[in-house]
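Me: I'd like to walk through this model with you, from its ligand site to its sheet and its empty spaces. Could you take my questions one by one?

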Amino acid sequence: MPVLRSIRERFAREQPFAGVRIGCSLHVTAETANLVRALVAGGAQVALCAPNPLSTQDDVVDALGDEGADVYARYGQDPAAGLAAVIATEPQLTMDDGADLVSALAERELIGATEETTTGVIRARSLDLRFPLVALNEGRAKDLFDNRYGTGQSTLDGILRATNVLLAGRRVVVIGYGRCGRGVADRAAGAGASVIVCEVEPLAALEAAMDGYEVMPALKAAAQGDLFVTATGNRDALRGEHFERMRDGAILCNAGHFDVEIDKAALKGERREARPQVEEIRMADGRRLYLLAEGRVVNLAAAEGHPAAVMDVIFACQALAAEALVKQPDWFTPGVQPLPERIDGEVARLKLDSMGIELDELTDAQRAYLSSWR
Ligand SMILES: NC(=O)c1ccc[n+]([C@@H]2O[C@H](COP(=O)([O-])OP(=O)(O)OC[C@H]3O[C@@H](n4cnc5c(N)ncnc54)[C@H](O)[C@@H]3O)[C@@H](O)[C@H]2O)c1
């Protein structure tokens, strides 16, 4: 995670968090550990708990203890106890994945808070906050890396691990051409599949057509596809009327957050496990459909979620947002707000540096020219 490493090295020199108590409720994984190490290097006293006990990696808990953070989490342990322990440390700044901490501390005068997920942001908006809360998923860097490149690659990774199918020559139907769907379509096309996109929004459909994909209603695509991926954030993107038209051997999976995108109740037939994470449903007419990971988010259920390189960028946004909340309070107002654009730009610059990619710079004459328009 070279971006976080460079931030950690700067934090170690500049000590932006000297004496600041930071409370975190984040999945306790190796990637989170790198974020915590950066905060500790910057002088923070960090207390960490887990929003979900099943994502906690106990070896990471032990290692972080050695790095000087207080970790109140164990695999399988009730998250409530850990949350209470972190609250008892009286954090001045919080970092959440799901808004558990900030909801408990909403009445206090915090320096600020950060929130990782959409669900957490929705929760936070219902609070009457007297301090700023930075919604990290409303930033361009996170969007690009998480939804597009992270989901794009890891969704195909999940499909391939579960099925071991050859993508070249297959017809892959992507339902929903938003940030995630674009990533999935790109990667499937790159692997040699011919991609069909189904959309309900005219601009998204137009973009898919201009990107070179066939665009058609899902009912028509149902009869043509070999592999279906839903990424709509909506329910019943694939339902009974689609299943009726699908070909024998069609594979169905979901990259959206909730397992509502494929209407599982309408998938009626004799069921058996064909392979781990692959359920075969033999329909009354003898056709077989294959449902991956029970229709749950396939890149997490059948693969490892986002690669560390994606989390590097996302957590770099977290670290720099926390620093700005402490050092640049005038950039913020009370309540929920997006990641400041300059932080997005800084993270992109650090990522480019880590890749050894150089940019051009405007000349003085160019800068003057661009700002001369009224
Ligand atoms: N798997 C992951 O790692 C991961 C990562 C980020 C987001 N997500 C989830 O993926 C889902 C999509 O996220 P996004 O950021 O791409 O959202 P988005 O809003 O950018 O895109 C969704 C698209 O689906 C289209 N759509 C909605 N209903 C449809 C329907 N019935 N048929 C066809 N198209 C339809 C919309 O018009 C939109 O263009 C969400 O549930 C999100 O939480 C998953």
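Reply: Happy to! One definition to start with: helices (H or I, at least four residues) and strands (E, at least two) are DSSP runs, numbered from the N terminus. Please keep in mind that this is a predicted model.

Me: Which elements each supply at least two residues of the lining of the second largest pocket?

Reply: This pocket holds about 280 Å³ of space. Of the 13 residues that line the pocket, the closest to its centre are A141, L144, F145, D344 and A348. Two helices each give at least two residues to the lining: α7 and α14 (341-354).

Me: Which element has the largest share of that lining, the second largest pocket's?

Reply: By class, the lining of the second largest pocket has 8 nonpolar, 1 polar and 4 charged residues. The largest share, 7 residues, is supplied by α14.

Me: Let's turn to the ligand. Which residues come nearest to the ligand?

Reply: The shell around the ligand divides into 8 nonpolar, 11 polar and 4 charged residues. There are 23 residues around the ligand, and those that come nearest are N147, R179, C180, E199 and N299.

Me: What distance separates a ligand oxygen atom from an N or O atom in the side chain of E199?

Reply: For a pair of N or O atoms, the cut-off for a polar contact is 3.5 Å. A nitrogen atom of the ligand lies 3.2 Å from an N or O atom in the side chain of N234. For the ligand oxygen atom and the side chain of E199, the distance is 2.6 Å.

Me: How much of the ligand's own accessible area does the protein cover?

Reply: The backbone takes part in the ligand site as well: a polar backbone atom of A255 is 2.9 Å from a nitrogen atom of the ligand. On its own the ligand has 860 Å² of accessible area, and the share covered by the protein is 77%.

Me: Which element gives the most to the shell around the ligand?

Reply: Two elements give two or more residues to this shell, α7 (140-163) and α8 (179-190). With 3 residues, the one that gives the most is α7.

Me: On to the sheet. Which strands stand at its edges, and why is one side of each left without a neighbour?

Reply: The open sheet has 8 strands with mixed pairing, in the order β9-β8-β7-β10-β11-β14-β13-β12. Each edge strand has a single partner strand, so one of its sides has no neighbour in the sheet; these strands are β9 (214-215) and β12 (270-275).

Me: Which residue in β8 does I175 stand opposite?

Reply: Strand β7 (residues 171-175) pairs with strand β8 (residues 194-198) in the parallel sense, over 5 bridges. Across from I175, in β8, stands C198.

Me: Last one: how much space lies in the largest cavity?

Reply: Counting cavities of 30 Å³ or more gives 1. Among the residues lining the largest cavity are C49, P53, Y72 and D78, and by class its lining has 6 nonpolar, 3 polar and 1 charged. The space in the largest cavity is about 50 Å³.

Key. Residues are numbered from 1 along each chain as its sequence is written. This is a predicted model: local features need pLDDT of at least 70, side-chain atom pairs count only at pLDDT 80 or more; totals for chains, interfaces and linings use all residues. Side-chain values use heavy atoms; hydrogens and water are left out. A residue is near a molecule or strand if one of its heavy atoms lies within 4 Å of it. A polar contact is a pair of N or O atoms within 3.5 Å; within protein, one must be able to donate a hydrogen and the other to accept it, and residues adjacent in sequence count only if both atoms are side-chain atoms. Accessible areas come from the Shrake-Rupley method with a 1.4 Å probe; for residues, only the protein chains shown count as cover. Ala, Val, Leu, Ile, Met, Phe, Trp, Tyr, Cys and Pro count as nonpolar, Asp, Glu, Lys and Arg as charged, and the others, Gly among them, as polar. Two strands pair if DSSP finds at least two bridges between them. On a 1 Å grid over the protein atoms alone, a cavity is a set of points where a 1.4 Å probe fits but cannot get out, and a pocket is an open set with protein on both sides within 12 Å along at least five of seven lines; lining residues have an atom within 4 Å of a point. Grid points are joined across faces, edges and corners, and a volume is the space filled by probe spheres set on the points.
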